[in-house]
Amino acid sequence: MPIIKEVPYGSALYDEVVELRRELLRRPLGLDFTPEELAQEKHDTHLAALDADRVVGTLLLRKVDERTARIMRMAVVPEAQGRAIGRALVEWAEGIARERGFETIMMHARSSAIGFYEKCGYHTVGGEFLEQGIPHIRMEKRLKTE
Ligand SMILES: CC(C)(COP(=O)(O)OP(=O)(O)OC[C@H]1O[C@@H](n2cnc3c(N)ncnc32)[C@H](O)[C@@H]1OP(=O)(O)O)[C@@H](O)C(=O)NCCC(=O)NCCS
């Protein structure tokens, strides 16, 4: 099982993470991250799943408000999908969010990934909308306080 690590913004590992999600999330749509989007990521928490030092999965966690954090830019390389790496990344992010006192995590899930987030305990809220030209839906989970 890969190890999960927090990635400092602007580090060499961060550049690898951005390249991975550019390849998996944006290029297939004919898009890229804008400089503004990447600049905004300075305040986010970046996670990478590393398999023998290679990045095989990632997400970022962003503060929405005092109570709510948001998971974004979730991706696992195709050859590592279905090995519970996505779930491990989400659980890791939930642990950080809980530690920081957030009560809820939300995301704009691609409709194709709804089943994955449901397996992680999230439920849909409201209807579908388009982002980057593809259907998305808001999903949420209330974090249990232990
Ligand atoms: C969606 C994604 C992040 C899932 O990561 P993963 O590492 O393959 O997922 P896991 O192996 O941790 O799966 C956890 C569970 O969700 C299920 N699952 C995974 N992807 C699924 C999907 N797209 N639809 C339905 N169920 C899915 C798995 O079968 C597994 O179920 P199980 O616990 O019964 O075995 C990954 O497939 C991916 O990067 N997809 C392309 C990019 C994308 O869609 N990103 C999300 C944007 S919102």
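## Two loop residues with positive phi

Let's start at Ala84: with 14 C-beta neighbours inside 10 Å, Ala84 counts as partly exposed. This is a predicted model, and in it Ala84 sits in the loop between β4 and α3. Its backbone deserves a look, since phi of Ala84 is near 70°, a positive value in a residue that isn't glycine.

Asp53 tells a similar backbone story, again with a positive phi near 70° in a non-glycine residue. You'll find Asp53 in the loop between β2 and β3. Because Asp53 has just 9 C-beta neighbours inside 10 Å, it counts as exposed.

## The sheet

Now for the strands on either side of those loops. The model has an open sheet of 7 strands with mixed pairing, and the order runs β1-β2-β3-β4-β5-β7-β6. β1 and β6 are the edge strands, each pairing on one side only. On average, neighbouring strands are turned by 25° against each other, if you ignore direction.

Zooming in on one pair, β2 and β3 run antiparallel and share 7 bridges. Within this pairing, Thr45 stands opposite Leu61 in β3. Helix α3 packs on the sheet, where it touches β1, β2, β3, β4 and β5. The direction of α3 makes about 35° with that of β3.

## The nonpolar core

Which residues touch the most other members of the largest nonpolar core? They are Leu47, Ile71, Leu89 and Ala93, out of 29 residues in that core. At least two residues each come from β1 (3-7), α1 (12-26), β2 (45-51), β3 (54-63), β4, α3 and β5.

Ala93 is a handy place to look at the packing. Setting aside its neighbours within four places in sequence, Ala93 is in contact with Leu47, Leu59, Leu61 and Ile71. As a general backdrop, nonpolar side chains in soluble globular proteins tend to be buried together.

## Around the ligand

There are 18 residues around the ligand, and Gln81, Gly86, Arg87, Gly115 and Phe116 come nearest. The elements giving two or more residues to this shell are β4 (68-76), α3 (85-99), β5 (104-110) and α4 (114-119). Sorted by class, the shell has 9 nonpolar, 5 polar and 4 charged residues.

## Out at strand β6

Last stop: Phe129, which lies in strand β6 (residues 123-131). Is Phe129 buried or exposed? It counts as exposed, because it has 11 C-beta neighbours inside 10 Å, and the cut-off for exposed is 12 or fewer. Phe129 and Met74 are 55 residues apart in sequence, and their C-alpha atoms are 18 Å apart in space.

Conventions: Residues numbered from 1 in each chain as written. Predicted model: local features only at pLDDT ≥ 70, side-chain atom pairs only at ≥ 80, totals over all residues. Near = placed C-beta within 6 Å. Helix = DSSP H or I, 4+ residues; strand = E, 2+ residues; numbered from the N terminus. Nonpolar A, V, L, I, M, F, W, Y, C, P; charged D, E, K, R; others polar. Buried ≥ 20, exposed ≤ 12 C-beta atoms within 10 Å, placed from the backbone. Core = buried A, V, L, I, M, F, W, Y, C linked by C-beta atoms within 7 Å. Contact = placed C-beta atoms within 7 Å. Pairing = 2+ DSSP bridges. Axes fitted to C-alpha atoms, helices over the stretch in contact; angles between N-to-C directions.
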